[in-house]
Amino acid sequence: MNNIECVSLSVGFDRTRHVLEEFDLRLHPGEVTALLGPNGSGKSTLLSTIARIHRPESGTVSLDGKNIHRMPTREVARRLALLPQGTSTPEDLRVRDLVAYGRYPYLHRLTGLSSEDHAIIEKAITRTALTSLADRPVDSLSGGERQRAWIACALAQQTPWLLLDEPTTFLDLGHQVSLMRLLRTLHDEDGLSLVMVLHDLAQAATYADRVIVLQDGRIAADGTPEQVITPKILREVFETDAEVIPHPSSGRPLVIPVP
Ligand SMILES: Nc1ncnc2c1ncn2[C@@H]1O[C@H](COP(=O)(O)OP(=O)(O)OP(=O)(O)O)[C@@H](O)[C@H]1O
Ligand SMILES: [Mg+2]
């Protein structure tokens, strides 16, 4: 199984307006899913409801067939990790200590971190190229370095599902590409299922198996990059006139805005 399933979700921040209403979605294990949509369309609300940060007013989110609101926090945290949008970190927290938080769902209260936990923490630091920064306070890092530290924390959590809200924001082009490749490797080699909010259509087209477009809290399109990234969707959802051509080497859709 190992699905994430949202059934009839209604989520809002005040009683007068729901961001998501009667929202249904099934996320399949083994896929890289990109969530796209204009600002305010409900992408972060959806991810944080799936990660149990918001409680829906009605409807359910289930993981492996179990309602996440009836599961112990540690059990949810062993199954899915969320990299939220615009994270803040406590002052003076070092990178290695932030990454160590990823092991908390596995911690034995009396014995603390085991040698295996420490090995997992170091591996997450190495994979995100943070070795030389591991003893620095997180709040002294650049935006991109800080983003990598949070990703290392999520990796140390060793969950089958990784949810990422705009993981490439703040990264320069080189670091964007290396992060997207790292994420793809986590999928291809480690078998992780990924759900990521992206604004960059080229990244979604290149790295995702499935693309879901949200508009005003509803699914406007859902399918392969080729099915979803079309001039019609770009016009209707993003209000942009653009041509879509196949990428010369990958064949994936390439968006060219009309001048
Ligand atoms: N804490 C909150 N209190 C009140 N309204 C909120 C809150 N968080 C989000 N909203 C509203 O819910 C709607 C959806 O917000 P959400 O953050 O899910 O959008 P998004 O698709 O992630 O946008 P972006 O691309 O800008 O990150 C917006 O209208 C937003 O103003
Ligand atoms: Mg958002």
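These questions and answers cover the domains, the interface and selected side chains of a predicted model.

Trainee: Into which domains is the protein divided?

Mentor: There are two domains in this predicted model. Domain 2 spans 90-158. Domain 1 is written in two segments, 1-79 and 160-230. So the division reads by definition of the assignment used: domain 1 (1-79 + 160-230) and domain 2 (90-158).

Trainee: How far apart do the C-alpha centres of domain 1 and domain 2 lie?

Mentor: Take the C-alpha centre of domain 1 and that of domain 2. The separation is 23 Å.

Trainee: How many residues of domain 1 are in contact with domain 2, and what area is buried between them?

Mentor: On the domain 2 side, 15 residues take part. On the domain 1 side, the count is 18 residues. Carbon and sulfur atoms give 59% of the buried area. That area is about 1,300 Å².

Trainee: Which residues of domain 1 lose the most area to domain 2?

Mentor: Three residues together account for 33% of what the domain 1 side buries. They are R74, R78 and L182.

Trainee: Which residues form the salt bridge across the interface of domain 1 and domain 2?

Mentor: The rule finds 1 salt bridge across this interface. R127 lies within 90-158, the range of domain 2. D190 lies within 160-230, a segment of domain 1. Their closest N and O atoms are 2.8 Å apart, and the pair is D190 and R127.

Trainee: How many residue pairs are in polar contact across the interface, and which element gives the most to the domain 1 side?

Mentor: The polar contacts come to 8 residue pairs. α2 (73-79), β7 (161-165) and α6 (173-188) each supply at least two residues of the domain 1 side. The element that gives the most, with 5 residues, is α6.

Trainee: What is the make-up by class of the domain 1 side that touches domain 2?

Mentor: Charged residues number 4, and polar residues also number 4. The nonpolar residues number 10.

Trainee: Is R103 buried or exposed?

Mentor: R103 sits in the loop between α3 (95-101) and α4 (115-127). Beyond four places in sequence, R103 touches residues including L113, I120 and A156. The relative accessible area of R103 is 4%, and the cut-off for buried is under 20%. Therefore R103 is buried.

Trainee: Which side chain joins that of R103 in a polar contact of 2.8 Å?

Mentor: The residues that R103 touches include D117, Q157 and Q158. The side chain joined to R103 by the 2.8 Å polar contact is that of D117.

Trainee: Which side chain makes a polar contact with the side chain of R52?

Mentor: R52 is in the loop between α1 (43-50) and β4 (58-63). At 23% relative accessible area, R52 is partly exposed. The R52 side chain also reaches the backbone oxygen of I68 at 3.1 Å. The side-chain partner, at 2.6 Å, is T73.

Trainee: What distance separates the C-alpha atoms of R52 and D172?

Mentor: Along the chain, R52 and D172 are 120 residues apart. Their C-alpha atoms are separated by 31 Å.

Trainee: How many residues apart are E5 and R26, the partners of a salt bridge?

Mentor: The closest N and O atoms of E5 and R26 are 3.2 Å apart. E5 is in strand β1 (residues 4-14) and R26 in strand β2 (residues 17-27), and the two are 21 residues apart.

Trainee: Is R79, which meets D64 in a salt bridge, buried or exposed?

Mentor: The R79 and D64 side chains meet at 2.1 Å, N to O. R79 belongs to helix α2, and D64 to the loop between β4 and β5 (66-67). The relative accessibility of R79 is 19%, and the cut-off is under 20%, so R79 counts as buried.

Trainee: Why are E236 and K232 separated by about one helical turn?

Mentor: Their side chains meet in a salt bridge of 3.5 Å, N to O. Both residues belong to helix α9 (residues 231-238). The separation is about one helical turn because along that helix E236 and K232 are 4 residues apart.

Trainee: How many salt bridges does the rule count, and which residues are linked in a network?

Mentor: The count comes to 14 salt bridges. The network links R94, R96, D97, E122 and D135.

Technical notes:
Residues numbered from 1 in each chain as written. Chains lettered and ligands numbered in written order. Predicted model: local features only at pLDDT ≥ 70, side-chain atom pairs only at ≥ 80, totals over all residues. Heavy atoms only, no water. Contact = heavy atoms within 4.5 Å. Buried area = accessible area lost by both parts, 1.4 Å probe. Salt bridge = Lys/Arg side-chain N within 4 Å of Asp/Glu carboxyl O. Polar contact = N/O pair within 3.5 Å; in protein donor to acceptor, adjacent residues only side chain to side chain. Nonpolar A, V, L, I, M, F, W, Y, C, P; charged D, E, K, R; others polar. Buried < 20%, exposed > 50% of the residue type's maximum accessible area, 1.4 Å probe, protein only.
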